[in-house]
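Q: Please take a close look at the pockets of this protein and describe them in a connected account.

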Amino acid sequence: QQPTLRVASISHRRWRKFADKLNFEERMEFNEGDVGLAGGMQLLEPANLNPTNVDSIKRYGGSTAATMPWPEEQEYDEDCRIERMEKILTRAVKKMGKNQNESRLGTSSKGSSASSGLSSRSSQDEERD
């Protein structure tokens with residue numbers, strides 16, 4: 001017998017009892033404390049079964065009121081990513097060059113603070129003894 005014919009032969013009361021046991025009106029939990037939508041069945045699987053690098057669930061902070069507008073999505077195209085990487089690299093190169101110049105001139109603030117920190121620590125240790 002086809003499944004659709006079997007379902008049609010079940011009494012309404014028995015079908016309702018079956019559907020109520022499935023708890024479709026309860027919300028499903030995506031992650032711990034992350035309550036999702038009602039009307040489905042949650043199936044758990046090992047995390048390494050279908051590995052992904054991108055989360056398909058988009059999360060937004062703020063109120064969940066239906067009257068509140070959704071935040072606008074930011075789309076990053078490849079050119080934007082490249083520009084961001086160029087800016088980061090430029091800043092890093094400038095910072096590295098500045099640190100090299102300071103170390104050549106002996107004016108690095110890092111060296112002077114480290115040596116003064118050591119001397120103040122040793123004087124504090126002497127006072128404790």
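How much space lies in the second largest pocket, and which residues line the second largest pocket?

A: In this predicted model, the second largest pocket holds about 290 Å³ of space. Its lining begins in sequence with Phe 30 and Asn 31, continues through Glu 45, Pro 46 and Ala 47, and then takes in Asn 50, Pro 51 and Thr 52, followed by Val 54, Asp 55, Ser 56 and Ile 57. By class, these lining residues comprise 6 nonpolar, 4 polar and 2 charged.

The largest pocket gives a context for that description. The volume of the largest pocket is about 650 Å³, and 20 residues line it. Nearest to its centre lie Lys 58, Tyr 60, Ser 63, Thr 64 and Trp 70. Two strands, strand 1 (27–31) and strand 2 (34–38), each supply at least two residues of this lining; strand 2 gives the most, with 4 residues. The lining of the largest pocket divides into 11 nonpolar, 5 polar and 4 charged residues.

The confidence of the prediction should be read alongside these values. The protein chain has a mean pLDDT of 76, and 76% of its residues reach 70 or more. Among its elements, helix 2 (residues 12–21) has the highest mean pLDDT, 93, whereas helix 4 (residues 109–128) has the lowest, 47. Across residues 111–126 the pLDDT is below 50, and this stretch has 0 contacts in the model beyond near neighbours in sequence.

Conventions
Residues are numbered from 1 along each chain as its sequence is written. This is a predicted model: local features need pLDDT of at least 70, side-chain atom pairs count only at pLDDT 80 or more; totals for chains, interfaces and linings use all residues. Side-chain values use heavy atoms; hydrogens and water are left out. On a 1 Å grid over the protein atoms alone, a cavity is a set of points where a 1.4 Å probe fits but cannot get out, and a pocket is an open set with protein on both sides within 12 Å along at least five of seven lines; lining residues have an atom within 4 Å of a point. Grid points are joined across faces, edges and corners, and a volume is the space filled by probe spheres set on the points. Ala, Val, Leu, Ile, Met, Phe, Trp, Tyr, Cys and Pro count as nonpolar, Asp, Glu, Lys and Arg as charged, and the others, Gly among them, as polar. pLDDT is the predictor's confidence in each residue, from 0 to 100. Contact means heavy atoms within 4.5 Å.
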